[in-house]
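Colleague: Please take me through the packing in this model, one question at a time.
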Amino acid sequence: MSGLTVAGIGSRYLADDGVGLYLVGELDRLPAGVRRELWEDADAPTLTLRLLELSGPVLLVDCADMGLAGGEWRCFRADPCGREGRLLPRSRTVSCHGLGVAEAVAMAVALGFDRPVHVFGVQPCTPGPEPLSARGLSPAMRARLPALVTGLRHAVRTLCHAPA
Amino acid sequence: MSGKKATYTIDLDHVTRIEGHGSVRVSVRDGRVEELTLAIVEAQRFFESFTRGVVAHEIPWIVGRICGICCVAHQLAACRGVEAALGLEVSGQSRLLRRLLNESQILQSHLLHVYFLAVPDYMGVPSVLPLARSHPDVVRRALRLKHLANEFTRVIGGRALHPMANTLRGWRRLPDPDALADIRHRLAAALPDFDATVEFAAGLRIPQFERETEYVSLRHPEEYALYDGQVYSSDTGELTPVSDYRRITNEFTVPWSTAKWARWHRASYMVGALARVNNNFDRLHPAARRAAESLGLRVPCHNPYMNNLAQVVEIVHCAHNSLAMLDEVLDRGLVREEIGYTPGPGYGVGAVEAPRGLLFHAYRFDDSGRCQEADAVIPTSQNLNNIEQDMRAFAPSMVASMSQDEVRLHLEMLLRAYDPCISCSVHMLEVEFIR
């Protein structure tokens, strides 16, 4: 799969919410044709615009509440064609603060974005965002970083060899 | 279907597309509204307590976290309150940059609210997502403008969200002149999108309900007051110093709300875009006054649903006024200024116009310069009482002429028209696995 973009999403000021930025920042020696981007503190409209600018598939690396143990990860195709999992846009309860990644992807798809969307989701170790006190990842998540980076590299390699 | 003689209860539990949890309960018996309450069930935030014992210059950055949408307004109100307490001067350059920062945030907030939260009501869809399919050109324009406004805030304040460049007295890191010129160019290039926003909004069918109330906002002798001024009441036509804010807000509690309510010269008052446009129409940029005319917004306007269109008028004002201010900054050039201060005792009040209305912050410092006491009165808590009064005034005619679903929709739309920010919440990505 050529033209893959690996995009880290989140905020470094919201504890484990920033794990996607850390992981993508750690990626090096990427396969040919793969580029990495950090979409830090991007709101939903910005994420939608970023997606619409892409001409190839994207792997979103983000903190995600998936009902797993803290620090566990899953990689899955998440667009409407996805068979493994899907993002859940809050179609009715969407608000200024509630416009998130799921809504951004749904909006991009509604506007014609038809490239595959994959998610490398990491379950947070912290129970929720701690905006005032928690700059940086939790100690438990930091301890998981080496394993997560290995998992992300594997996911990128797998996607590069997958059919478009 | 007519609602006459009907008996039913509407529980709008957790009204959507607003910030936080607000519920509306309406009991109708034999076609008459027996009970209507706007219940606020959010937990207390305790931000004022967080500032106790904190040194002065850290306060604006802490209280800015009250809201991710209104972070600039909270930061500016806090700066002004602390500066008043400590007798600190702010240069003309810093004042100009703060006005730009505030208007960039008003652009962000109004664009988000109008396009993403309010418009779906008028297009008969539950959210912006189906709108992207049915009106892709409108949503693409909304995305372009929102992104531009984000970039505008980032250039002036250092970050699009919770900017940190502004501090007491001035700027820690001045905006880059090339970035200022670039954002000025992009803002000018976007004027056709702002015009299209007015044209689109002019086609929205606004519900026809009117109830005169007291409109309260800042007023400034020369500017459309968004950053400073004195408090103006449409009831008296008089100006009141910001320092008398407790005499203005008269906060009180009601059993069905965890948020405090407010009243001044009558049972309730309104703050926000419509109050500002009503009180300061003569100070709007000429392009914004023309937009108001195109939108059919004639002052004084007593229809609270028109708050959405007043936001569009302010979008036009902020776009054009910011262009003029950017020209001034670029012509004048920016110079690094002294921003040091001496900690000490004092009490002061600051106020700015947040996107949702008048925002007060008050601080008291002890001899060591640490904060002893803080108070923040946000626009939504000032508006809640007025929203409920509107609902009580409009509900009988709604019940008499509309189906239950239409009553429900119009009450939700009324609440959303005020763009309330009942709380701030942060959500993580939710995923459902298909097994």
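The questions below deal with a helix, the cores and a sheet.

Modeller: One caution before we start: this is a predicted model.

Colleague: Is helix H2 of chain A largely enclosed or not, and how many of its 10 residues are buried?

Modeller: Buried here means under 20% relative accessible area. A:Ala44, A:Pro45, A:Thr46, A:Leu47, A:Thr48, A:Leu49 and A:Leu51 meet that in H2(A). The helix is therefore largely enclosed by the rest of the structure, and the number of buried residues is seven.

Colleague: Which elements of chain B do the buried residues of H2(A) pack against?

Modeller: Within chain A, these buried residues pack against strands E1, E2 and E3 and helix H3. From chain B, the partners are helix H4 (92–123) and helix H6 (136–157).

Colleague: Which helix gives the most residues to the largest nonpolar core?

Modeller: The largest nonpolar core has 158 residues, and A:Leu60 and B:Phe116 have the most contacts inside it. The element that gives the most to this core, with 14 residues, is H4(B).

Colleague: Which residues does A:Leu60 contact, leaving aside neighbours within four places in sequence?

Modeller: Among them are A:Ala7, A:Ile9 and A:Trp39. The others are A:Val101, A:Val105, A:Val117, A:His118, A:Val119 and A:Phe120.

Colleague: In the open sheet of chain B, which are the edge strands?

Modeller: Three antiparallel strands make up this sheet, in the order E10-E11-E12. Strands E11 and E12 of chain B pair over six bridges. The strands that pair on one side only are E10 (346–354) and E12 (371–377) of chain B.

Colleague: Which helix packs on that sheet?

Modeller: The helix touches E10, E11 and E12 of chain B, and its direction makes about 130 degrees with that of E11(B). It spans residues 379–401 of chain B and is helix H13.

Technical notes. Residues are numbered from 1 along each chain as its sequence is written. Chains are lettered from A and ligands numbered from 1 in the order in which they are written. This is a predicted model: local features need pLDDT of at least 70, side-chain atom pairs count only at pLDDT 80 or more; totals for chains, interfaces and linings use all residues. Side-chain values use heavy atoms; hydrogens and water are left out. Buried means under 20% relative accessible area, exposed over 50%, partly exposed in between (1.4 Å probe, protein chains only). Helices (H or I, at least four residues) and strands (E, at least two) are DSSP runs, numbered from the N terminus. Contact means heavy atoms within 4.5 Å. A nonpolar core is a set of buried Ala, Val, Leu, Ile, Met, Phe, Trp, Tyr and Cys residues joined through side-chain atoms within 4.5 Å. Two strands pair if DSSP finds at least two bridges between them. Axes are lines fitted to C-alpha atoms, for helices over the stretch in contact, and angles run from 0 to 180 degrees between N-to-C directions.
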